[in-house]
Amino acid sequence: MNKKNNIVIIGAGLCGSLLALRLAQRGYKVEVFESRPDLRTTDISAGRSINLALSDRGFKALRLAGVEEKAREICIPMYGRLMHDVEGNTFASKYSGRKGEYINSISRGDLNGILLTEAEKHENVNIHFNKKCTSVDIENTIAHFKDYETKEEFSIDADVVFGTDGAGSVLRKSYYLERKFLFSYSQNYLTHGYKELEIPADADGNHQISKDHLHIWPRGDYMLIALPNMDGSFTVTLFLSYDEGEYNFNNLTSEEKITAFFESQFPDALKLIPSIKDEFINNPTGALGTVKCSPWHYQNKTLLMGDAAHAIVPFYGQGMNASFEDVTVFDEILDQDLETWEAVFKAFEKERKQDTDAIADLAIDNYYEMRDHVANPLFKEKRKVEMDLESNFPKEYSSKYSLVTFNENIPYSEAMKRGRAQDKAILNLLDDNELVEETDLKNVLQKVQKETNNILEEDKIAGL
């Protein structure tokens, strides 16, 4: 592969900017095109996913690119979930029984800005804003654009095109529209959408509720979550059905209905959101979808990465981390010194596809867990067993959540397989009352490990 190749990256979001930075560090010439204005000078985040959860897999990628410490400076650690019931009572649930394991709330825009600034420090990187990609000629690697400011249409003749342009990827669309090869694609939506609201800081600029937790108001058919921001506010997200149930986005159309909904279901949150009516009515309702496709590349010419290849729902807090991990894995493939871009692309997808499919499935699982199960007594009992085991046997036991979130060197697919088996093992043992009178945690660990291994063996025989 020639480092003088003209590489075009479509999309300067989190994945695209990190990819541009890392390729530049490796000596490649990169041109990046972004449809939006420069977010470092323009506020473009209103009502849309302004903060995210950053954890170990994401930090590993940022460390690779030399920007981990800059990212940590704008992080707020969240050590667990804090559940709120209808009466306003709360109970906490740690993410891990081990010390030093937590997730971080971080501003999407601020992190993206750091990556853009670091990428632009390299002479071999140029970033072009307000340039919307309209289509890609994948056979000739010609990307077509429209300049939002001048309205001019223009084309770029590239050697290699990377599509990091998100769930609505234009490059992915070009794959199935041009019909140059057999391309499988699915996009599945949840029946629920989301709307973002805000708990502002208090008069002194402080957080009104604990900033050390991810807050959840689980209500079965819907839920509210809140993540802290650096300015003392919280980004609050309502997940609600479009048209099912007593309350849904389609029937919450008046101030009276909106207020009645929050008064009956989230009274403690309502007291903290002074602009609930205006925000609910004016902020957009977003869709929640999963994208799976294959192959991610076309010959030695183009490659999809990040959400363009594998968009997921946000309920495991791994969307950004998974996209960043793409860059880590891609960098490892480049270290193999393969002879062609096509060989690199094939090796990357072979290494990565099963893991992105796994985290997509896990994110759906966690949607139901957060919405329905976190307040369930049996779930609480299971979490207590997990926390006790992690706390007392930190090297011998990790829960499914810990395997996914805090073990960046364990593939998502392996974390899913083992984590699901462990969940089933503990629930089986609890259901059979085998842990009720067990006070020796070493015996509990051995029982859980034995039952887990039996389940894994059964799954292997069943071909699961």
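These legends describe close-up views of a predicted model.

**View 1. F181 and Y298 form a stacked aromatic pair.**
The ring centres of F181 and Y298 are 5.1 Å apart, and the planes meet at 25 degrees. An angle under 30 degrees counts as stacked. F181 sits in the loop between helix 5 (170–178) and strand 13 (184–199), and Y298 belongs to strand 18 (residues 297–298), so the pair ties together parts 117 residues apart in sequence. Both F181 and Y298 are buried.

**View 2. Y247 and F261 form a tilted pair.**
Here the ring centres of Y247 and F261 lie 4.7 Å apart and the planes are at 40 degrees, so the pair counts as tilted. Y247 comes from the loop between strand 16 (234–241) and helix 6 (255–265), while F261 is in helix 6 itself, so this pair ties together parts 14 residues apart in sequence. Y247 is buried, with a relative accessible area of 15%. F261 is also buried, at 0% relative accessibility.

**View 3. One aromatic cluster takes in Y247 and F261.**
The other members of this cluster are Y222, Y242, F249, F262, F266 and F280. The structure has 34 aromatic pairs in total.

**View 4. Two positive side chains lie over ring faces.**
R57 lies over the face of Y412, 4.1 Å from the ring centre. K380 lies over the face of F91, and here the distance to the ring centre is 3.7 Å.

**View 5. Helix 1 (residues 14–25) is mostly covered.**
Helix 1 has 12 residues. From first C-alpha to last, helix 1 reaches 17 Å, close to the expected 16 Å. Of its 12 residues, 11 are buried. Among them are the leucines L14, L18, L19, L21 and L23. C15, S17 and R22 are buried in helix 1 too. Just after the helix comes G27, with a positive phi of about 100 degrees.

**View 6. S169 caps the N-terminal end of helix 5.**
A side-chain oxygen of S169 lies 3.3 Å from the backbone nitrogen of L171. Buried residues in helix 5 include V170, L171 and R172. S174 and Y175 are buried there as well. R179 follows helix 5 and has a positive phi, near 55 degrees.

**View 7. The structure holds 1 cavity of 30 Å³ or more.**
The largest cavity contains about 130 Å³ of space. Its lining is made up of 15 residues. E369, F379, R383, E386 and Y401 lie nearest the cavity centre. Strand 6 (90–94), helix 11 (341–373), helix 12 (377–392) and helix 13 (400–405) each supply at least two lining residues. Helix 12 gives the most, with 4 residues.

**View 8. K257 is a partly exposed residue of helix 6.**
The relative accessible area of K257 is 44%. That value lies between the 20% limit for buried and the 50% limit for exposed, so K257 counts as partly exposed. K257 and E139 are 118 residues apart in sequence. In space, their C-alpha atoms are 53 Å apart.

Definitions and conventions. Residues are numbered from 1 along each chain as its sequence is written. This is a predicted model: local features need pLDDT of at least 70, side-chain atom pairs count only at pLDDT 80 or more; totals for chains, interfaces and linings use all residues. Side-chain values use heavy atoms; hydrogens and water are left out. Rings of Phe, Tyr and Trp (its six-membered ring) pair if their centres lie within 6.5 Å; planes under 30 degrees apart count as stacked, over 60 as edge-to-face and the rest as tilted. Buried means under 20% relative accessible area, exposed over 50%, partly exposed in between (1.4 Å probe, protein chains only). A charge sits over a ring if NZ of Lys or CZ of Arg is within 6 Å of the ring centre and within 35 degrees of the ring normal. The expected span of a helix is 1.5 Å times one less than its number of residues. A polar contact is a pair of N or O atoms within 3.5 Å; within protein, one must be able to donate a hydrogen and the other to accept it, and residues adjacent in sequence count only if both atoms are side-chain atoms. On a 1 Å grid over the protein atoms alone, a cavity is a set of points where a 1.4 Å probe fits but cannot get out, and a pocket is an open set with protein on both sides within 12 Å along at least five of seven lines; lining residues have an atom within 4 Å of a point. Grid points are joined across faces, edges and corners, and a volume is the space filled by probe spheres set on the points.
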